Structure formats: C-alpha cells, structure tokens
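Colleague: Could you take me through a close look at a single helix and its surroundings? I would like one connected account, with the setting of the whole chain kept in view.

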Amino acid sequence: MAVEELQSIIKKCQVLEEHDFKEEDFGLFQLAGQKCIEEGHIDQLLEIFQNEKNKLCNPKELLLGLLELIEEPSGKQISQIILLLLQPLQTVIQKLPNNKAYSVGLALSTLWSQLSLLPVPYSKEQIQTDDYGLCQCCKALIEFSKPFVEEAINDKGNKESENKKLKDELLKFCFKSLKYPLLTAHFLEQSEEAGSDPLRCFASEIIGFLSAIGYPFPKVIFNHGRKKRLWHYLEFEEEEDKQLAESMASLAYLVFVQGIKIDQLPMVLSPSYILQFNMGHTEVFLQRTEESVLSKGLELLESGLFRIEDNSLHYQYLEIKSFLTVPQSLVKVMTFCPVEPLRKKGLAMLQLYINKLDSQGKYTLFRCLLSTSNHSGVEAFVIQNIKNQIDMSFKKTPNKWFTGPQLISLLDLVLFLPEGAETDLLQNSDRIMAALNLLRYLIIKDNENNQTGFWTELGKIENNFLKPLHTGLNMSKAHYEAEIKNRQENNQVVQKSKDLCSVTVGREEIANMPPEMQLKVLHSALFTFDLIQSVLARVEELIAIKTKSTSEENVGIK
C-alpha cells in the first residue's frame with residue numbers, strides 16, 4: 001500500500017515544473033517514503049530513486065527531506081537507508097547553487113551520527129559478515145565524499161572563504177571518522193590481504209583525504225597540542241582540545257602500528273622524537289576501558305619503545321607529563337583489566353619501558369611507582385627491578401643511583417611497614433617477601449666493604465621493618481590459629497545447620513563461603529605467614545653472623 005501511495009505522488013510530481021513543486025508536495029512524498037521504510041519496502045524505494053524520470057524538485061527542500069529520512073531508522077535499517085539514499089543525497093548537494101560547504105557538513109554530520117549508533121565489528125568473522133552493514137557504509141561514504149574533496153582541491157570557481165569552509169567541514173568529518181569507527185575498529189593482520197579489510201581501506205582513504213585538503217598526517221600529528229593551531233575557526237580550536245585527542249591517537253596508531261601511509265613520514269625523525277609524541281597518544285588509549293582500545297595503546301607504546309636502545313632514554317623525558325602517567329596507566333591495566341592477555345601485555349610493556357630508561361630515569365620511576373601504585377604485587381615487581389639494578393652495579397661499574405645515599409633513600413620506601421606491626425601482612429605479602437629477598441641479597445652480596453651503604457642504616461632498618469614485621473607476624477599467626485581452632489571446634493554445629501558463613505582475609509570479606517572452604521583459606525593465610533617468617537628468620541640469622549664476625553674482627557684489632 002505504501003509503495004502504491006508513493007508511486008501515485010511521484011506521478012503527480014513528474015508533470016510539475018520545478019518552480020511549481022510546493023512544500024506540501026514534498027511533505028506528502030516524505031511521509032510516503034517513511035511508510036515504505038517502516039513496512040520494509042526498501043528495494044522498491046531504491047528503484048524509485050534510481051529512475052531518471054523522478055529527478056525533480058527543489059534541491060534544498062529535497063536535501064532536508066533526505067536527511068530526515070536518514071535520521072528515522074534504527075538498528076540494521078540504518079545502513080540499509082544510508083546505502084539507499086547516499087547517491088541521491090550526493091546528487092542533490094551537487095545541484096545546490098550556494099552554501100555547499102554548510103550542506104556537505106550537515107549531510108556528513110547526519111550520516112556520521114547515524115553510523116555511530118552501529119556496533120563496530122571486532123573479529124574477522126564479524127567484519128566479513130558485516131551484519132549491521134557498517135563496512136559497506138564506510139565504503140559508500142568514501143565514494144559519497146570524493147566529489148566534494150575534489151571540489152575543495154580544485155576550487156571550481158568557489159570563493160576562497162567558501163573553499164576554506166568546505167575543507168574544514170571535510171576535516172571535521174575525517175576527525176570524526178578517526179574516532180568512530182576507527183578508534184575501536186579491529187584490523188585484520190597485515191599479512192592477510194590488505195584489500196579485503198574494509199575498515200583498513202576506509203582508514204587509508206580518510207588519511208588520504210586529510211592530505212588532499214592540505215592536512216597531511218605528519219603536519220596534523222606533530223602540530224597537535226601546540227599553541228599555534230592549524231584550524232581556521234575558533235569553533236574548531238575549542239573542539240580540538242575537548243574532542244580531538246582520541247582522533248589524534250587513532251591517527252597515530254593507524255600510521256605507526258598499522259603502517260598506513262607511513263611512507264609520508266620524514267625519515268630524519270629520531271626514535272625518541274617519535275616516542276615523545278606518541279606517549280601522549282598512548283595515554284589517551286590507556287585511559288579508556290574497551291579491550292580493543294587498550295590493546296591499541298599497548299601496541300602503539302610497544303612500536304615506539306622497540307625503536308629505542310636499552311638504557312638510552314634520558315631521565316629528563318620523565319619531566320614530560322605523559323612519560324610518568326603512561327607507566328601509571330600501565331599499572332592500572334595490570335591490576336584492573338579483566339582480560340588476562342592485556343594484563344600480561346601491560347606488565348611486559350612496563351618492563352620494556354623500564355629497560356629503555358637510563359639509570360636516573362629508572363630510579364625516578366621506581367620512586368614514583370612505589371609511592372603511587374598502592375598494590376602489593378606491583379610494588380614487589382618494582383622491588384625486583386631495584387634488586388636487578390643493584391646486581392648490575394655490583395657486576396659492572398658502580399652506579400651512583402643504586403649505591404650509597406641514593407640507594408638508601410630508595411630503600412626507605414621499600415624496607416618499612418606502612419602501619420608498623422598493625423600492617424595487614426596478608427594484603428602486603430608480595431611486597432614484604434620481595435623486600436625481604438632484597439635485604440637477604442644485600443646482606444650476602446655486600447658483606448665486605450659496605451659498597452651499597454645499607455649496613456650503616458641497619459639499625460633504622462631493624463626498627464622500621466624487621467622488628468615490626470616480627471611482632472606483626474606473631475600477632476597475625478596467633479589470630480589465624482585461634483580462628484582455625486574456633487572454626488574446627490564449631491564445625492559440626494555449622495555443618496548441621498548447613499549455613500553459609502563469611503570470613504575476612506586480607507581486608508576482604510568472602511561472603512557465602514562453606515565452612516570447609518573457610519578453613520582452607522585460613523590455612524593458606526597461615527602458610528603465607530610461615531613463608532614470610534622463614535625468610536625473616538634467615539635474614540636475621542645472616543645479620544647475626546655478619547655482626548658477630550665484625551665484632552670478633554674489632555676485638556682482634558684491639
């Protein structure tokens with residue numbers, strides 16, 4: 001019924017001259033078209049639009065009507081309608097006598113707003129099936145935009161101001177496309193056929209558009225964040241600060257990781273220079289939570305770090321904000337990301353980053369992470385790295401940052417309990433074990449000439465770390481042993497009632513836990529305390545041996 005109604009209206013309009021075509025005529029046409037969409041007669045609607053006899057009416061009115069039709073659908077119909085109306089929309093805009101830049105911008109903004117409602121395919125299978133038609137729409141959108149890009153390049157008699165406006169509208173569209181769908185888009189492996197990846201082709205075309213309208217990606221990326229702006233209008237300058245960071249990060253990933261148009265990059269740029277710019281983009285990626293976006297941030301960081309030689313990244317780079325915030329973001333990925341491969345990749349990237357820093361840079365970063373991570377496992381990781389640096393200092397030329405006063409200052413952040421004997425030892429067990437192992441290493445390795453300087457600080461270490469730890473272990477073990485005894489004595493009563501109980505271990509309450517499981521958890525905690533106590537006993541034994549030996553030497557000298 002809707003198709004017949006539309007055809008009837010079109011037959012009436014076909015005999016009208018353009019100046020006789022009234023607004024109410026177009027209103028009837030638009031309503032009939034919407035009914036066709038609602039009833040699913042999209043193929044028939046396409047035939048009507050493609051019929052040469054039906055190209056009449058005022059371009060401005062038709063433009064607005066087509067955009068309203070594009071805004072109507074939802075779900076899978078979005079792509080169907082866009083694919084249906086793109087060609088008529090392109091023809092209408094090309095026929096407009098003036099204000100073409102505004103019309104192009106309005107059309108691209110409307111199209112992008114609708115497309116952004118579609119899910120971005122993440123796997124190879126989703127890209128190939130393209131259930132929501134996003135990949136088809138991206139390809140069609142490129143073809144829709146090409147005439148306007150060519151017009152902006154060739155001027156075609158446009159006023160200079162109008163031409164700049166057209167370029168800016170196209171520029172905004174490119175930046176929006178870099179954010180969606182390209183920021184979260186999954187790309188097929190580069191070893192696979194590049195031409196079979198529609199989103200990669202879309203990305204390549206968008207970067208090509210940027211270059212064509214006077215904004216090649218090196219100019220865009222390396223200008224981002226500077227005081228002097230590339231854009232012509234204040235509106236765009238404000239937008240840059242608020243919204244373009246993710247677009248810039250997406251562009252950096254496409255170029256430096258995916259290698260799209262990388263041949264346009266000047267060969268004279270040093271690896272450290274490229275890393276400096278990409279650290280800010282990496283930070284943008286790592287602030288997001290989506291798996292695909294986090295993954296891109298890690299890949300971008302990896303691509304930059306691999307170009308840097310070990311121990312060569314100067315400590316002054318840490319004065320740049322992103323060089324400290326990125327490792328802190330890596331810590332968040334390592335500790336909070338629910339995806340295990342990403343957590344492992346985050347850990348690997350943090351270690352790679354540490355490896356690239358010079359000695360003072362490593363020292364500075366270690367202090368920062370020990371002060372800000374608030375995670376026992378991360379602190380243990382940092383302490384292990386400190387131990388590695390001390391070991392290298394022993395084996396090679398002594399390193400002033402990991403011997404003497406500098407090391408002692410660093411050890412003050414390691415060999416202490418934040419709340420003394422009251423510290424939650426289970427919650428901090430990883431950190432405590434790493435600290436004890438570092439102390440044991442120092443006692444064994446630096447047993448002659450006090451090269452590290454820690455022997456002169458032994459009294460402070462005993463008061464701030466060893467004695468409170470001894471007291472805390474005794475208190476914790478007594479508490480958990482009493483808990484175990486109490487639950488064992490009451491186990492039969494609990495079993496008869498079949499109640500589920502809760503137990504607090506490491507400041508975390510484990511609710512609805514069967515009594516048998518509670519006992520296992522309590523025994524596991526007790527085992528951890530025993531392990532800490534055994535290492536502590538060995539450390540105290542080594543100290544006693546060293547102290548006795550030193551005393552005997554002093555007596556012999558007298």
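Modeller: In this predicted model, the buried residues of α6 are K100, A101, S103, V104, G105, A107, L108, T110, L111, W112, Q114 and L115. That makes twelve buried residues out of the 16 in α6, so the helix is largely enclosed by the rest of the structure. Over those 16 residues α6 reaches 22 Å from its first C-alpha to its last, which is close to the 22 Å expected at 1.5 Å a residue. The cover over the buried residues of α6 includes α4 (59–71), α5, α8 and α9, and the rest of this account follows those elements and the loops beside them.

Just ahead of α6 comes N99, which lies in the loop between α5 (77–95) and α6 (100–115). The backbone at N99 has a phi near 55°, a positive value in a residue other than glycine.

Two of the covering helices, α4 and α5, also pack against each other. A pair of packed helices is described by the angle between their axes and the distance between the axes. For α4 and α5 the angle is about 160° and the axes are 9 Å apart; since angles over 145 degrees count as roughly antiparallel, α4 and α5 are therefore roughly antiparallel to each other. Their crossing is left-handed. On the α4 side the residues that meet the partner helix are P59, L62, L63, L66, L67, L69 and I70, and on the α5 side they are I81, I82, L85, P88, L89, V92, I93 and K95.

The other two covering helices bring in two further loops. D130 is found in the loop between α7 (124–129) and α8 (134–154), and, with a phi near 50°, D130 is a residue other than glycine with a positive value of that angle. D130 has a relative accessibility of 10%, and because buried means under 20%, D130 counts as buried. Beyond α9, the loop between α9 (160–179) and α10 (198–212) holds P181, and the peptide bond that joins Y180 and P181 is cis, with an omega of about 10°.

Set against the whole protein, α6 is one element in a secondary structure that comes to 23 helices and two strands. Of the 558 residues in the protein, 48% are buried, and the accessible surface comes to about 28000 Å², with 50% of that area belonging to carbon and sulfur atoms. When contacts in the protein between residues at least 6 apart in sequence are considered, 72% of them join residues at least 24 apart.

Two buried positions elsewhere in the chain can be set beside the account of α6. S393, in helix α18 (residues 376–395), counts as buried at 2% relative accessibility, and, leaving aside residues up to four places away in sequence, S393 touches P398, N399, T403 and Q451. L522, in helix α23 (residues 515–557), is buried with a relative accessible area of 1%. The C-alpha atom of L522 is separated by 8.3 Å from that of E481, although L522 and E481 are 41 residues apart along the chain.

Definitions and conventions
Residues are numbered from 1 along each chain as its sequence is written. This is a predicted model: local features need pLDDT of at least 70, side-chain atom pairs count only at pLDDT 80 or more; totals for chains, interfaces and linings use all residues. Side-chain values use heavy atoms; hydrogens and water are left out. Helices (H or I, at least four residues) and strands (E, at least two) are DSSP runs, numbered from the N terminus. Buried means under 20% relative accessible area, exposed over 50%, partly exposed in between (1.4 Å probe, protein chains only). The expected span of a helix is 1.5 Å times one less than its number of residues. Contact means heavy atoms within 4.5 Å. Accessible areas come from the Shrake-Rupley method with a 1.4 Å probe; for residues, only the protein chains shown count as cover. Axes are lines fitted to C-alpha atoms, for helices over the stretch in contact, and angles run from 0 to 180 degrees between N-to-C directions. Angles under 35 degrees count as roughly parallel, over 145 as roughly antiparallel, 65 to 115 as roughly perpendicular and the rest as oblique. A crossing is left-handed if the near helix is turned anticlockwise from the far one by less than a right angle, and right-handed if clockwise.
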